[in-house]
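Let's take a walk through this one together. Have the sequence and the 3D view open side by side as you read.

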Amino acid sequence: MALPEVHSATGISSASWSPVSASDLLRLLNRYSFGFALLLMVALLLANLAEESWNFGWSDQLANFAPMALAAMASTPAIISGGGGFDLTISPLIYFIGEIFIIWLAPNGLGGAESVPIVLLIGAGVGMLNGLLIIGLRVPPVVATLSMYFVLIGADLKIAPNPQYLSTSWVQHLAHSVGPVPGAVFTLGFPLVVWGLLGLIPYRRTLYAVGSNDATAFASGVDVSAVRVAAYTLGGLFAAVGALALVGLTVSANSNLSQTYTLLAIASVALGGTSLWGGRGGLVGSMIGAACIYLLGNLLTTLQIDPSYLQVMYGGMLVFAVILGGVAAKAKAAP
Amino acid sequence: MTVAGDVRAEPGTEALPVLISARGVAKTFGATQALRGASFELRAGEVHALVGENGSGKSTLVKVLSGVHAPDAGEIELGGSLLPALRNPRAAVEAGIVTVFQEVLVAEARSVLDNVWLGADGLLRTRIPVREKRARAREALGELLGRPLGLDTPVEELSLSDRQACSIVRALLRRPRVLILDEATSALDVATRDRLFGIIGRLGRDGVGIVFITHRMDEIGEIGDRITVMRSGETVATLERGRWTPRELVRLMTGSDQLTEHARQGIEAAVARRGEVALRTRGLRLVPGAQPIDVEIRSGELVGVAGLEGHGQDGFLEALRGAGAPAGDVARVADGREVTLLSPRHAASYGIAYVPKERRQALFGWMSIRENFAMPTLGDDSRSGWLDLRRMRRRFAEHARRLSIVLGSPSDRITTLSGGNQQKVVLGRWLAARPKVLLLNDPTRGIDVGAKRDLYVLLTRLAEEGLAIVMLSSELDEHVELMDRVLVFREHELFREIGRESLSRRSLVSAFFGESEDADGAA
Amino acid sequence: MSVIATASAGVPRGVRARLVDLQARVPLLQLVGLCGVYAYLAADLGFTNWSSVKQILVIASLAGLAAAGQTLLILMGGFDLSISGFIVASSLVVTVLKDKWHVSFVVALLIAVVAAAVLGALAGQICHRFEIQPLIVTLAMGTIALGLIQVQTGGSFSGTAPDWLQHLTSPETKTFGFIDIPPPVSIWIAVTVLMAIFLHRTPGGRRVMATGANPRAAEYSLIDTRRIWTLAFAFSGICSALVGMLVCGFAGSVDSGIGDPYLFQSVVAVIVGGTVFGGPGDYTRTVVGALFLAFVNEALVGKNQGADVQNMVYGAAILLAVALYGRERRLRDRI
């Protein structure tokens with residue numbers, strides 16, 4: 001069977017075989033954007049397992065991991081939607097929803113199963129507000145979400161000036177197990193399932209097209225505004241799940257920590273292969289990126305390295321991840 | 001110049017039903033009135049060319065018809081019934097009006113298949129099953145390109161011409177009643193363009209109405225049934241096939257009838273101004289494995305760089321400005337010494353100036369006209385670190401006069417100027433640096449005929465003053481009118497150098513296609 | 001052919017157009033707002049004496065000085081989020097580490113400033129070379145800087161600022177002993193003048209503006225944009241380090257959160273002052289913005305509103321300012 005002739009920019013048919021070069025590797029990296037993070041994750045996982053003599057404690061580890069991974073996944077749709085897309089609000093939003101759960105829902109008898117749709121709605125609502133501000137006011141997403149970031153930090157402080165604690169709640173199962181299954185599977189699984197379902201309808205690939213070139217999408221008849229608002233709404237939705245995971249884990253709400261996940265989420269997204277210019281990457285990549293960061297942190301803690309080094313490490317990984325993304329982007333632009 | 005042969009043999013278009021009838025369309029952007037009472041009529045099955053200078057309103061009219069902009073006034077009828085204002089491109093597509101815009105519009109990270117079907121589904125429901133999409137896409141791409149194209153290839157891996165082809169196929173797959181092509185052929189290579197004309201012919205026979213905007217006279221002659229000329233936001237005339245000449249078109253577009261007013265200099269005059277070697281390429285290869293390029297550019301010369309899009313001309317110009325190349329180098333020759341160019345900044349210190357391809361890449365949007373002018377030569381205005389604003393004002397006034405730049409005040413934003421005047425500012429910016437070598441990358445793209453004329457006169461004058469000028473242009477007429485010799489590039493190699501004596505549109509095009517020199521027979 | 005043609009005769013010159021034009025050149029609205037807030041403070045809260053105004057001015061000057069670097073970065077189209085990390089790190093160096101390493105104050109300060117400059121320059125290089133959003137790299141750098149210092153201090157915050165420094169930053173101190181302006185404010189005035197001269201009257205300033213307006217065109221115009229980015233980021237780092245010294249003098253002691261308010265206020269001051277992403281704008285506007293913000297803060301404190309409301313006001317202020325100034329082109333205008 002003859003190979004289909006694909007004429008690349010240099011006019012040279014790629015049907016002819018040529019030795020694998022750096023540009024081929026980078027092209028592979030572009031097509032499977034989370035490839036690098038995946039390899040790294042596997043390596044780190046093995047290192048962790050070795051250090052802990054295979055007593056990994058999956059349930060607990062996943063529960064610890066879940067809030068950060070969900071923060072990363074929540075930050076992803078906005079970035080994919082392009083046009084400078086970015087969502088700085090995720091970390092304070094997670095804490096905001098967590099505080100609402102602990103301070104208003106649980107004590108008023110709404111802390112059971114009914115809390116889930118309420119919480120999801122709040123998250124989606126804030127996300128939608130972000131999207132509408134960006135689309136309606138036509139301000140850069142970084143600026144719009146930065147302003148909402150401030151608003152949410154303030155709101156967090158206002159609702160819970162002091163740390164609040166939760167009495168026993170079903171939410172704690174999310175951090176332990178539901179039968180034989182680790183609870184975190186449900187929280188981590190929710191965004192993945194939603195994202196998968198979105199792939200069955202045209203929305204997801206339209207989102208990627210909008211992120212890749214919004215002028216083209218618009219000229220082709222796509223409702224770019226609706227696509228983008230939906231992306232930010234999804235981010236808020238996933239953040240709400242992150243709030244449930246966090247509350248289940250810490251059984252408390254501490255507004256002083258509301259900025260914890262900001263850097264970690266961005267680092268995870270970048271490491272996982274999602275391009276900050278939009279149109280590339282995905283939720284799975286962000287989760288893998290988060291896993292890399294988590295596992296490395298875990299490893300350093302097990303090796304009893306000074307926790308301040310952890311901060312340096314997080315910052316370093318972020319720089320590393322974005323440089324990697326930048327190199328891949330440049331290689332793409334070369335031909 | 002003769003009108004080229006017919007693509008379709010229909011006698012006339014008067015008998016065909018009217019598809020679109022636009023009357024009194026007006027549109028204002030801020031202080032600019034882009035359209036003032038323009039009218040346009042498109043019949044089913046006809047190819048209606050729309051021509052005009054930049055600022056004539058033709059692009060705005062197209063955007064109004066495409067739903068990109070809503071008109072301030074006027075009525076548009078589609079198929080006999082009044083069309084409510086189209087609020088966005090989606091509404092236009094649903095009404096059956098599909099447009100291919102000039103800017104090559106593709107979603108780079110997505111596959112060919114996704115690109116050609118972009119916008120066809122809603123957000124929630126897939127309207128066309130995947131198998132059908134693949135089959136129809138394969139068929140349409142095959143018809144336009146004449147070869148198969150991998151449907152799952154990311155579009156960013158394709159050449160510019162293939163990307164534009166995807167953009168065109170996207171429009172064709174929507175089965176339009178009205179197809180609007182806004183300068184859609186500028187990025188296409190000639191083979192694809194010819195196949196496109198064939199497709200257009202077929203569409204016409206099926207009753208589709210086609211609006212065709214182009215700057216190229218030969219294309220109008222080849223496929224245009226009727227031509228509507230616009231000027232200053234109004235429709236000036238509509239002409240039938242065979243009843244117009246290029247001269248008359250130019251007269252209608254500009255109000256004067258010369259494409260270029262300056263007399264084409266004789267070969268002796270060109271030889272007279274040719275001076276010493278200013279630039280020399282040594283073993284220059286634009287891609288690994290290509291034939292080395294060894295040329296000399298002399299002062300006082302006007303050298304053209306031509307070829308089909310993406311065949312190495314840009315790379316050549318980049319090498320000349322000092323940006324390097326995969327192999328070989330470029331040397332600046334002055335005062336008997338040869339200095340290899342190491343970087344654009346290094347080259348600039350030896351008097352090499354470069355005007356980039358797109359104005360957008362050269363202008364500082366929110367800064368004033370004067371600031372835009374002065375930027376590379378701030379050193380000339382500063383004494384011991386302090387900017388002397390009066391000196392800057394004087395320098396600017398001098399150059400504005402020399403270049404006949406039309407403006408309100410030098411401290412106005414650069415965006416208040418027309419495209420042609422903006423380009424003059426960019427040119428002035430580099431002339432202020434007193435270069436010895438001037439490299440220009442497609443400087444007259446999107447500029448009205450008047451400004452083009454001014455530019456040609458200026459370039460000839462500069463050559464007389466001893467500048468070495470190398471100009472890349474995508475317009476055949478420019479090369480024929482202006483250049484002493486033209487370097488034709490093909491597949492990233494210098495294919496042929498055409499001297500003034502044999503310079504003609506035919507010799508250029510046949511060189512583009514790699515035909516041997518004696519194939520310039522009769523048409 | 002005359003240069004000044006009558007081409008512009010068609011442009012309407014109503015009062016509104018003239019005001020808009022003026023606002024573009026002078027921060028009119030902000031000055032009006034500033035006077036308004038001061039009038040309110042004077043009337044409602046009795047802020048009529050110079051002493052209370054001096055207090056506010058010192059706070060404003062610290063934020064304003066931190067915003068000097070931020071102004072340059074926003075002019076170039078990015079954000080500097082390293083300010084808070086550098087402020088805390090610098091404060092720690094001149095208090096805790098000065099004692100731990102047994103060096104003089106001057107040497108400690110020099111170390112802090114040089115380290116900040118180097119990290120800043122590195123951030124600038126990375127951002128330019130790999131085309132990454134400064135927001136991300138500076139976030140990482142701030143975290144890295146703080147982490148590195150905390151490794152040295154062992155997590156302790158026990159330092160106190162030397163007496164002379166506390167005296168220098170006190171609102172009651174007179175500059176040079178007799179001018180009734182607190183030294184930080186005098187420094188601020190000097191910096192304002194220097195920045196204005198730099199941005200408007202030197203080639204370097206024009207080049208910075210050009211780099212922000214259109215990086216590609218700047219390169220074509222033979223501007224070394226990489227050097228500009230490196231120097232601008234280094235400058236911002238130096239500002240943050242110096243402000244860190246002043247802040248710990250003003251506060252008396254150091255804790256992990258002293259940097260955050262200055263980061264937030266620096267962003268708000270620049271944006272509310274009217275500097276747009278990528279330009280136009282300048283530091284004088286930022287000064288007006290910082291003053292406005294300081295007075296607004298004071299009004300809020302006077303009404304017993306704390307950090308929570310402050311943050312929400314910041315968020316709203318940014319949104320309002322950008323909605324007025326920084327709106328992007330419509331998608332339909334980009335086709």
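Is C:Gly249 buried or exposed? Keep in mind that this is a predicted model, then go to helix α11 of chain C, residues 225-251, where C:Gly249 has its place. Count the neighbours: 24 other C-beta atoms lie within 10 Å of C:Gly249. The cut-off for calling a residue buried is 20 or more, so C:Gly249 is buried, with its 24. Who does C:Gly249 touch? Leaving aside residues up to four places away in sequence, the contacts are C:Ala161, C:Leu165, C:Gln166, C:Leu168 and C:Thr169. You can also look at C:Thr160, which sits 89 residues away from C:Gly249 in sequence, yet the C-alpha to C-alpha distance is 8.3 Å.

Now zoom out to the nonpolar interior. The largest nonpolar core has 378 residues. Among those with the most contacts inside this core are A:Ile97, B:Val169, C:Leu62 and C:Ile318. Helix α11 of chain A (residues 224-250) gives the largest share of the core, 18 residues. Pick C:Ile318 and look around: A:Val143, A:Leu146 and A:Ser147 touch it from chain A, and C:Val268, C:Ile271 and C:Val272 from chain C, again not counting residues up to four places away in sequence.

Stay with chain A for a moment and find helix α9, residues 203-212. This helix is mostly covered, with nine of its ten residues buried. The buried ones include A:Tyr203, A:Arg205, A:Tyr208 and A:Gly211. What do they pack against? In chain A, the partners are α3 (58-80), α8 (184-200), α10 (214-219) and α11, and chain B joins in with its own α3 (112-116).

Next, the places where chains meet. Between chains A and C, 40 residues of chain A are in contact with 42 residues of chain C. On the chain A side, helices α5 (115-137), α6 (141-159), α10, α12 (260-271) and α14 (307-333) each supply at least two residues. By class, that side has 29 nonpolar, seven polar and four charged residues. Chain C also meets chain B: 25 residues of chain C are in contact with 33 residues of chain B. Here α9 (203-213) and α10 (215-220) of chain C each bring at least two residues to the chain C side, and α9(C) provides the largest share, five residues. The chain C side divides into 15 nonpolar, six polar and four charged residues.

Let's finish in chain B. Its domain assignment gives domain 1 (18-105 + 179-254), domain 2 (258-351 + 435-523) and domain 3 (363-434). The centres of domain 2 and domain 3 of chain B, taken over C-alpha atoms, are 27 Å apart. Ten residues of domain 2 of chain B are in contact with ten of domain 3, and helix α16 (residues 449-464) of chain B makes the largest contribution to the domain 2 side, four residues. That domain 2 side has six nonpolar, two polar and two charged residues.

Chain B also has an open sheet of four strands with antiparallel pairing, in the order β12-β11-β14-β15. Its edge strands, β12 (296-298) and β15 (337-340), each pair on one side only. On average, neighbouring strands in the sheet are turned by 20 degrees against each other, direction ignored. Strand β11 (residues 277-285) pairs with β12(B) over three bridges, and you can spot B:Arg280 with its bridge partner in β12(B), B:Glu296.

Notes. Residues numbered from 1 in each chain as written. Chains lettered and ligands numbered in written order. Predicted model: local features only at pLDDT ≥ 70, side-chain atom pairs only at ≥ 80, totals over all residues. Pairing = 2+ DSSP bridges. Axes fitted to C-alpha atoms, helices over the stretch in contact; angles between N-to-C directions. Core = buried A, V, L, I, M, F, W, Y, C linked by C-beta atoms within 7 Å. Buried ≥ 20, exposed ≤ 12 C-beta atoms within 10 Å, placed from the backbone. Contact = placed C-beta atoms within 7 Å. Nonpolar A, V, L, I, M, F, W, Y, C, P; charged D, E, K, R; others polar. Domains from an automatic or database assignment.
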